[in-house]
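Dear colleague,

I am handing over the structure below for you to look through at your own pace. My notes on what was found in it follow directly after.

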Amino acid sequence: MRKTFFILFLAIGLVSFKAILDTDFTLTGTVKGLENGKTVVLERQDEVLGMVPVDTVKVENEKFTFKGKALEPSIHFIQVQDIQGKVAFILENGKISFTIYKDSVAKSKIGGTKNNEDLQNFNAAAMKVQKKMQDFQTANMKKMQDAQASNDEVTMNALMDEFGKMQSEIMTMTSTFPEKNPKSFLSVLFLDNMFNQPDVDIEKIKTVYNGLDASLKTTKPGKTVKTKIDNFKSIAVGSLAPEFSAPNPDGKVISLKESLGKITIIDFWASWCGPCRKENPSVVALYNDFHSKGLNIIGVSLDKDAAKWKEAIAKDNLPWNHISNLKFWSDPIAALYNVKSIPATFILDANGKIIARDLRGAELRAKVAELLK
């Protein structure tokens, strides 16, 4: 009886140990022609710190291996020493395989798990469209140059329309993927990306999100999408601008409401943003010319270093209200306004309604002049 119990216990132990092994990940890669001793780095993307190394191994006989445990699927990267470019993949438990081509990282292959096979298949389809776009540009470059030289708008518009159709193919691939693949981790990533579109179709996002597999909704990006759905406020032209407040350089909290004028510009920028700094002289001139007529500006900085933020305000002579949470791309106001790149501007009327967005230079000046005439 005891022997039977011991054998049963041993079998249970083996099953349990195997279950543990099955929840680990093993990344196995091959890099043809790479000499022994070269390093391979497993990296992840941090919102504040950028690329962060997770683990490092050395190549032996053109192969490398990483082992560990993943709490949930997430995008990671493989960087091989002396090879330009990174290989993006989905780190998840299971056996993941790589074939990396040192002369063309973009053609590297990943597989082994369902999510990485989905990524490989999507990348292959996207690369076909990208190749078609590159071929089109090469074949029509002289034609476009000649049309520009002769100011032939008909030809220029025809070429741009044709190129735009190919760009739309990629957009369609990403927007339709979640509906067709409700169990793929890629789906929740593409769904999150739909918030970056100029006109967010929140009802479609809700419908597709509700149809996702329950396991995807508990992942970090799944929770992010749910939060964005719950907190969504339209930032389209004609909508009321969402209210916000944050500290100014002196620590005083300033709100959008108290910053409104006859016309108000919300200016998303940062001291580290070259295009923003280049645009600042034009905005300063605009403010000086129209502030007395009712133009107000509130600058929302995506800085993370208070000293550099204050220095940029002083150096560029920016006289309007400035606020920042000093949270870089994690700034809650940027998230509220779905700002994914800067500079970004929203032009509001006296009631705080959005009447235009992302105007710059002469176009912005003309709009403000028209509104304050």
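The link of Cys273 and Cys276 is right-handed, with 75° about the S-S bond, and please bear in mind here and throughout that this is a predicted model. The two sulfur atoms of this disulfide, which joins Cys273 to Cys276, lie 2.3 Å apart, and both cysteines are buried. A search of the whole structure finds one disulfide.

Turning to the nonpolar interior, the largest core holds 52 residues, of which Leu27, Phe66, Ile78, Phe89 and Phe98 touch the most other members. The element that gives the most to this core is helix α2 (residues 114-149), which supplies eight residues. Separate from this core is a second one of 45 residues, with Ile235, Leu318, Ile342 and Leu348 among them.

Ile78 may be a useful place to begin in the viewer: once its neighbours within four places in sequence are left aside, Ile78 is in contact with Val40, Val41, Leu42, Phe64, Phe66, Lys86, Val87, Phe89, Phe98 and Ile100.

Leu348, named above as part of the second core, also has a bridge partner in β15, namely Ile354. The strands concerned, β14 (residues 344-348) and β15 (residues 354-357), pair in the antiparallel sense over three bridges. Five residues lie between the strands of this hairpin, in which Gly352 takes a positive phi near 85°.

With best regards

How values were computed: Residues numbered from 1 in each chain as written. Predicted model: local features only at pLDDT ≥ 70, side-chain atom pairs only at ≥ 80, totals over all residues. Heavy atoms only, no water. Disulfide = S-S within 2.5 Å. Buried < 20%, exposed > 50% of the residue type's maximum accessible area, 1.4 Å probe, protein only. Core = buried A, V, L, I, M, F, W, Y, C linked by side-chain atoms within 4.5 Å. Helix = DSSP H or I, 4+ residues; strand = E, 2+ residues; numbered from the N terminus. Contact = heavy atoms within 4.5 Å. Pairing = 2+ DSSP bridges.
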